[in-house]
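Reader: I'd like to learn how to read a sheet and the cores around it. Could you walk me through one?

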Amino acid sequence: MTGPGPAGATRVLVATRPVDFRKGMDGLAALVTAQLGGDPFSGVVYVFRAKKADRVKLIWWDGTGLCLMAKKLEAGAFSWPSVHDGMMRVTAAQLGALLEGLDWRRVHQARRTRVPQIAG
């Protein structure tokens with residue numbers, strides 16, 4: 001991601017169940033600790049959605065404070081994993097696609113290109 005948000009190499013965890021969107025950063029941080037067994041101050045980006053899949057919130061620790069980002073799509077809904085308990089890890093590229101309203105499941109990590117060796 002570019003701009004004001006989490007850095008690209010950051011670990012990203014998506015909560016698979018919707019949360020009460022009245023919660024702010026402190027309420028979401030408490031949820032991470034109490035219900036998900038995580039640490040909101042670890043630098044991990046935690047992603048949450050409302051019951052209506054048109055809104056998401058992210059919280060993360062940037063080294064100086066807890067950050068909260070919220071986004072609401074004007075049309076459509078965010079593509080979201082099947083509803084199960086717990087968290088699911090996604091890549092930073094998948095998070096970027098999710099935040100753009102794209103199907104994040106179609107984004108894969110780039111494969112390393114192997115350069116052929118010339119026999120000498």
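Reader: What is the order of the five strands in the open sheet?

Author: Happy to help! This is a predicted model, and its open sheet runs E4-E3-E2-E1-E5, with mixed pairing. Strands E4 (66–72) and E5 (87–90) are at the edges; each has a single partner strand, so one side of each is left without a neighbour in the sheet. From one strand to the next, the twist averages 25°.

Reader: How many bridges join E2 to E3?

Author: Two strands pair if at least two bridges are found between them. Here, four bridges link E2 (residues 45–49) with E3 (residues 55–61), and the two run antiparallel. Arg49 stands opposite Val56 in E3.

Reader: Which strands does helix H1 touch?

Author: H1 (residues 25–34) packs on the sheet and touches E2, E3 and E4, its direction making about 75° with that of E3. Helix H2 (residues 92–99) lies across E1 (12–15), E2, E3, E4 and E5, at about 145° to E3.

Reader: Which residues have the most contacts inside the largest nonpolar core?

Author: A core is a set of buried nonpolar residues joined through side-chain atoms within 4.5 Å. The largest one here has 16 residues, and those with the most contacts inside it are Val45, Val47, Val56, Leu58, Trp80, Leu95 and Leu99. Two or more residues come from each of E1, E2, E3, E4 and H2.

Reader: What is Val56 in contact with, leaving aside its neighbours within four places in sequence?

Author: Its contacts include Phe21, Phe48, Arg49, Met69, Trp80 and Leu99. There is also a second, separate core of 14 residues, with Ala15, Leu31, Val32 and Ile59 among them.

Technical notes:
Residues are numbered from 1 along each chain as its sequence is written. This is a predicted model: local features need pLDDT of at least 70, side-chain atom pairs count only at pLDDT 80 or more; totals for chains, interfaces and linings use all residues. Side-chain values use heavy atoms; hydrogens and water are left out. Axes are lines fitted to C-alpha atoms, for helices over the stretch in contact, and angles run from 0 to 180 degrees between N-to-C directions. Contact means heavy atoms within 4.5 Å. Buried means under 20% relative accessible area, exposed over 50%, partly exposed in between (1.4 Å probe, protein chains only).
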